[in-house]
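User: Please take a close look at how the helices pack against one another in this chain. Then work outward from there to the elements around them.

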Amino acid sequence: MGISAPASASSLNPAKFQHFQTRIQDRMQHRPRYRLLQGHPMPKLMLHAEDSEREMLLDFLPIQDRKLIIGVIPHTFCNPQVKDCGWCTFPHESYSAEKAHIVSSRVVEEIETRSRRLGLGRKEVDSIYFGGGTANLTSPDDFLALAIALDESLKINSAEVTIEGTPQNFIDHIITRDAAILDVLETLPAASKRISIGVQTLKPESIEEMGRKRFGNLETIDKLIGKAHKRDISVNGDFLINMPNQPVAAMLSDIETAIRIGFDQICLYSLVLFEGLGSTWSRMPEKLAGMPQVETAYANWLRVRQMLLEAGFVQTTQTNFERQEVNQGPNKFRYELSSFDPSGVDGIGFGPAGITMITDPKSQRGIKILNTHKSMRYAEQIEKSDTAFGFWHYYANLDDLLMGLWARNFSRGFVRRIEGYDPVERHPELIEALVEAGLLTISPKRVEVTTRGSFFTDTIIGLLTEERAQQIREGNQENQRIIARNHLNDYTDFYGDSDDWGGGGM
Ligand code: SF4
């Protein structure tokens with residue numbers, strides 16, 4: 001098979017091709033999950049970082065002259081009135097102002113120490129994202145201290161800075177009772193500023209059921225958008241669709257309102273909910289029974305997506321939609337797009353549950369490191385040893401690392417230059433089966449994710465990583481590096497025993 005041509009059916013191994021056809025059908029019977037937020041491999045396949053390895057990991061790969069993005073999780077605390085808002089699979093713990101202060105102070109230390117050890121020397125940063133349980137529960141003073149640590153350790157003048165949180169807390173902060181977080185954000189020496197708010201739904205009964213009443217209502221959000229825009233801060237809203245028994249009319253009504261009140265970006269998440277997930281609703285038969293069938297969920301997403309496109313939004317990633325004028329201007333949202341591009345971007349994660357992914361294209365190596373999740377355990381580790389690495393995975397070649405690329409359109413020639421092979425030829429039967437299922441299109445120069453593929457990206461990435469996941473599992477067993485159950489407790493407390501633990505919340 002020539003590298004510029006898609007596989008022809010005659011050149012494929014029929015048994016392998018059929019195997020992938022069956023696997024695709026199996027996977028597409030389930031609603032998509034959010035593996036992309038975590039990247040490959042999932043924590044269950046990573047090695048627990050022993051004390052003796054933490055130092056080695058700190059210096060493992062030099063940061064190259066590549067784009068750098070920074071994720072900061074000041075703590076994993078949040079304060080809904082219903083446990084996990086019923087559905088959330090993101091790391092979260094009950095809020096305490098005192099603990100949040102302790103943890104975010106340790107994050108300041110981690111930023112300073114790791115930046116020094118990595119020799120970042122005021123390296124230019126492309127984008128910074130303050131996320132986590134509810135990042136805007138951080139006190140304005142602590143948020144400022146984190147920003148100062150970043151500004152002193154790195155070069156953030158041309159960066160985009162985002163902080164996420166609940167709407168009410170941006171305009172009536174739990175500690176300062178004012179809009180001080182917005183004021184701090186406004187004064188940061190960065191090129192563009194954003195807030196990202198977890199709206200989920202505008203329907204009052206659903207907000208109440210999720211225990212999110214005190215996070216604000218439509219009026220709060222409308223007011224917040226005005227205050228942010230006055231400070232030249234753009235606003236993203238995260239919305240859930242395909243919730244149990246949610247009529248499509250309700251989804252459309254939420255998004256129609258979101259467009260009208262002036263969100264610059266809208267993120268659509270199809271709710272992840274299935275038996276065994278570990279969230280509260282996943283243990284409630286009536287919630288599970290109320291979930292739409294997969295094809296209905298896809299049809300609902302298509303209708304909401306169409307509404308956004310007709311209103312002048314452009315789809316920038318699997319979940320993000322952005323107003324065209326914002327997308328073409330200086331405030332175009334950068335962080336998420338960059339986070340899907342390990343081929344050209346390194347990422348460093350600070351704070352509990354922070355994810356670091358560093359690539360060295362010259363040596364064809366890479367590393368993924370996950371910080372400890374539990375906030376107070378993270379703080380203890382930083383105090384003791386300057387690092388809080390919980391899990392790690394070493395990429396002996398870049399194939400694993402580049403899996404994330406398949407979530408978006410990419411040039412075959414570009415990957416060929418980095419990897420030395422054509423990505424389509426590496427998995428001919430699988431790619432052909434994905435094309436046949438309508439999830440990808442392949443041209444001589446490009447791999448493109450179809451509209452259907454952008455809803456079922458989880459199937460694409462899941463299948464591409466399936467074989468490697470098995471190899472990693474077997475390799476770890478051979479090396480007797482099976483992750484001890486107690487090491488995983490940190491994670492399974494949050495997520496049950498599901499593979500789908502990269503889910504979203506806020
Ligand atoms: S959705 Fe947000 S507020 Fe709710 S449990 Fe998750 S992190 Fe906490």
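Analyst: Helix axes are taken here as lines fitted to C-alpha atoms over the stretch in contact, and the angle between two of them runs from 0 to 180 degrees between their N-to-C directions. The model is a predicted one. On that footing, the axes of helix H9 (residues 248-261) and helix H11 (residues 294-310) come within 10 Å and cross at roughly 25°. Angles under 35 degrees count as roughly parallel, so H9 is roughly parallel to H11. The crossing of the pair H9 and H11 is right-handed. On the H9 side, the contacting residues are Val248, Met251, Leu252, Ile255 and Glu256; on the H11 side they are Asn300, Arg303, Val304, Met307 and Leu308. An α-helix has 3.6 residues a turn, so residues three or four places apart point the same way.

A second pair is formed by H4 (140-153) and helix H6 (residues 180-187), which pack at an angle of about 20° with their axes 9 Å apart. H4 and H6 are therefore roughly parallel to each other. H4 passes H6 in a right-handed crossing. Pro140, Phe143, Leu144 and Ala147 of H4 meet Ala180, Ile181 and Val184 of H6.

H4 also leads to helix H3. The 21 residues of H3 (residues 97-117) should span 30 Å at 1.5 Å a residue, and the end C-alpha atoms lie 30 Å apart, which agrees. The buried residues of H3 are Ala100, Val103, Ser104, Arg106, Val107, Val108, Glu110, Ile111, Arg114 and Ser115. They pack against H4, helix H14 (375-385) and three strands, namely E2 (67-72), E3 (77-78) and E12 (345-350).

Where does Glu112 sit? Glu112 is in helix H3. With 16 C-beta neighbours inside 10 Å, Glu112 counts as partly exposed, because a residue needs 20 or more to count as buried. Leaving aside residues up to four places away in sequence, Glu112 touches Ala149 and Ser153. Glu112 and Leu150 are 38 residues apart in sequence, yet their C-alpha atoms are 7.7 Å apart. Just after H3, Gly119 takes a positive phi of about 65°.

From H14, a partner of H3, the path runs on through a loop to strand E15, and Asp386 is found in that loop. Asp386 is not a glycine, although its phi is positive, at about 70°. Most residues other than glycine have a negative phi. Asp386 has 18 C-beta neighbours inside 10 Å and therefore counts as partly exposed. Gln200 also has a positive phi, near 70°, in a residue other than glycine. Gln200 lies in strand E7 (residues 192-200). With 26 C-beta neighbours inside 10 Å, Gln200 counts as buried.

The loop that holds Asp386 ends at E15, and E15 (residues 389-395) pairs with strand E14 in the antiparallel sense over 6 bridges. Across that pairing, Gly366 has Tyr395 of E15 as its bridge partner. E14 (residues 365-371) is mostly covered, with 5 of its 7 residues buried. Strand E13 (residues 355-360) is joined to E14 by 6 bridges, and the two run antiparallel. Asp360 has Arg365 of E14 as its bridge partner. E13 and E14 form a hairpin with 4 residues between them, and Gln364 in the turn has a positive phi of about 60°.

Further along the chain is an open sheet of 3 strands in the order E16-E18-E17, with antiparallel pairing. Its edge strands are E16 (410-411) and E17 (440-442), each of which pairs on one side only. E17 is joined to E18 (residues 446-449) by 3 bridges, running antiparallel. Val449 in E18 is the bridge partner of Leu440.

As for the chain as a whole, it holds 20 helices and 18 strands. Of its 506 residues, 48% count as buried. Among contacts between residues at least 6 apart in sequence, 77% join residues at least 24 apart. The contacts of Glu112 with Ala149 and Ser153 give a local example of contact between H3 and H4.

Notes
Residues are numbered from 1 along each chain as its sequence is written. This is a predicted model: local features need pLDDT of at least 70, side-chain atom pairs count only at pLDDT 80 or more; totals for chains, interfaces and linings use all residues. The expected span of a helix is 1.5 Å times one less than its number of residues. A residue is buried if 20 or more other C-beta atoms lie within 10 Å of its own, exposed if 12 or fewer, and partly exposed in between; C-beta atoms are placed from the backbone. Two residues are in contact if their C-beta atoms, placed from the backbone, lie within 7 Å. Two strands pair if DSSP finds at least two bridges between them. Angles under 35 degrees count as roughly parallel, over 145 as roughly antiparallel, 65 to 115 as roughly perpendicular and the rest as oblique. A crossing is left-handed if the near helix is turned anticlockwise from the far one by less than a right angle, and right-handed if clockwise.
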